[in-house]
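The following paragraphs lead through the side-chain contacts of a single structure, taking charged groups, then aromatic rings, then cysteines. Please keep the sequence and the coordinates at hand while reading.

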Amino acid sequence: MAIDRPPGFFHSYSSRKQALVRFKWGADNDPVPVGVRVVAQLDPKGECLIGESDGPFQSIDEARMCGIELANNWYDRGNG
């Protein structure tokens, strides 16, 4: 039986910078993401992949924090 799972969320790094953290899901009944993929909207034409992790994660909160950390690290290096 499939369960309700969030597709992802926007993380705001600063007032004008944000990243979209998308969860990668495994089996239909698994409540924990198997990975995260982080993209940034750099211009109106599209997105840029800025980070990815294939876990493993113990919880959805752990996957969420991994996505936030990937985004923050990318922006901290002066990107975007």
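A convenient place to begin is Lys-24, which is partly exposed, with a relative accessible area of 23%. The model in which this residue sits is a predicted one, and the values given here are computed from that model. Lys-24 belongs to strand β2, and it is linked to Asp-54, which lies in the loop between β4 and α1 (60-76), the two residues being 30 residues apart. The contact between the side chains of Asp-54 and Lys-24 is a salt bridge, with a distance of 2.6 Å from N to O. Asp-54 itself has a relative accessible area of 56%, and it is therefore classed as exposed.

Lys-24 has a further acidic partner in Glu-52, with which it forms a salt bridge whose closest N and O atoms are 3.1 Å apart. This pair, too, links distant parts of the chain, since Glu-52 is in strand β4 (residues 46-53) and Lys-24 in strand β2 (residues 17-24), with their positions 28 residues apart in the numbering. Glu-52 counts as partly exposed, its relative accessibility being 39%.

Glu-52 in turn forms a salt bridge with Arg-37, and here the closest N and O atoms are 2.9 Å apart. Because Arg-37 lies in strand β3 (residues 35-43) and Glu-52 in strand β4, the contact ties together parts that are 15 residues apart in sequence. Arg-37 is partly exposed, with a relative accessible area of 32%. Through salt bridges that share partners, Lys-24, Arg-37, Glu-52 and Asp-54 are joined into one network. For the structure as a whole, the count of salt bridges comes to four.

The aromatic side chains can be followed in a similar way, and here the count comes to four aromatic pairs. One of them is formed by Phe-9 and Phe-23, whose rings are 6.0 Å apart from centre to centre, with 45 degrees between the planes, an arrangement classed as tilted. Since Phe-9 lies in strand β1 (residues 8-14) and Phe-23 in strand β2, this pair ties together parts that are 14 residues apart in sequence. Phe-9 counts as buried at 14% relative accessibility, and Phe-23 counts as buried at 8%.

What kind of pair do the rings of Tyr-13 and Tyr-75 form? Their centres are 4.9 Å apart and their planes meet at 25 degrees, so this pair is stacked. Tyr-13 lies in strand β1 and Tyr-75 in helix α1, so the contact ties together parts that are 62 residues apart in sequence. As for accessibility, Tyr-13 counts as partly exposed at 30%, whereas Tyr-75 is buried, with a relative accessible area of 6%.

Returning to the phenylalanines, Phe-9 and Phe-23 form one aromatic cluster together with Trp-25. The ring of Phe-9 also has a charged neighbour, for the charged end of Arg-64 sits over this ring, 4.4 Å from its centre.

The cysteines remain to be considered. How many disulfides does a search of the whole structure find? The search finds zero. Cys-48 is in no disulfide, and the nearest cysteine sulfur, that of Cys-66, is 17 Å away. Why does Cys-66 not bond to Cys-48? The sulfur of Cys-66 has its closest cysteine sulfur in Cys-48, and the 17 Å between them is too far for a bond, given that a disulfide requires sulfur atoms within 2.5 Å. With regard to their surroundings, Cys-48 counts as partly exposed at 27% relative accessibility, while Cys-66 is buried, with a relative accessible area of 18%.

Finally, the confidence of the prediction deserves attention when these contacts are read. The mean pLDDT of the chain is 90, and 98% of its residues reach 70 or more. Among the elements of the chain, the lowest mean pLDDT is that of β3, at 89, and the highest is that of α1, at 96.

Methods
Residues are numbered from 1 along each chain as its sequence is written. This is a predicted model: local features need pLDDT of at least 70, side-chain atom pairs count only at pLDDT 80 or more; totals for chains, interfaces and linings use all residues. Side-chain values use heavy atoms; hydrogens and water are left out. Buried means under 20% relative accessible area, exposed over 50%, partly exposed in between (1.4 Å probe, protein chains only). Helices (H or I, at least four residues) and strands (E, at least two) are DSSP runs, numbered from the N terminus. Rings of Phe, Tyr and Trp (its six-membered ring) pair if their centres lie within 6.5 Å; planes under 30 degrees apart count as stacked, over 60 as edge-to-face and the rest as tilted. A charge sits over a ring if NZ of Lys or CZ of Arg is within 6 Å of the ring centre and within 35 degrees of the ring normal. pLDDT is the predictor's confidence in each residue, from 0 to 100.
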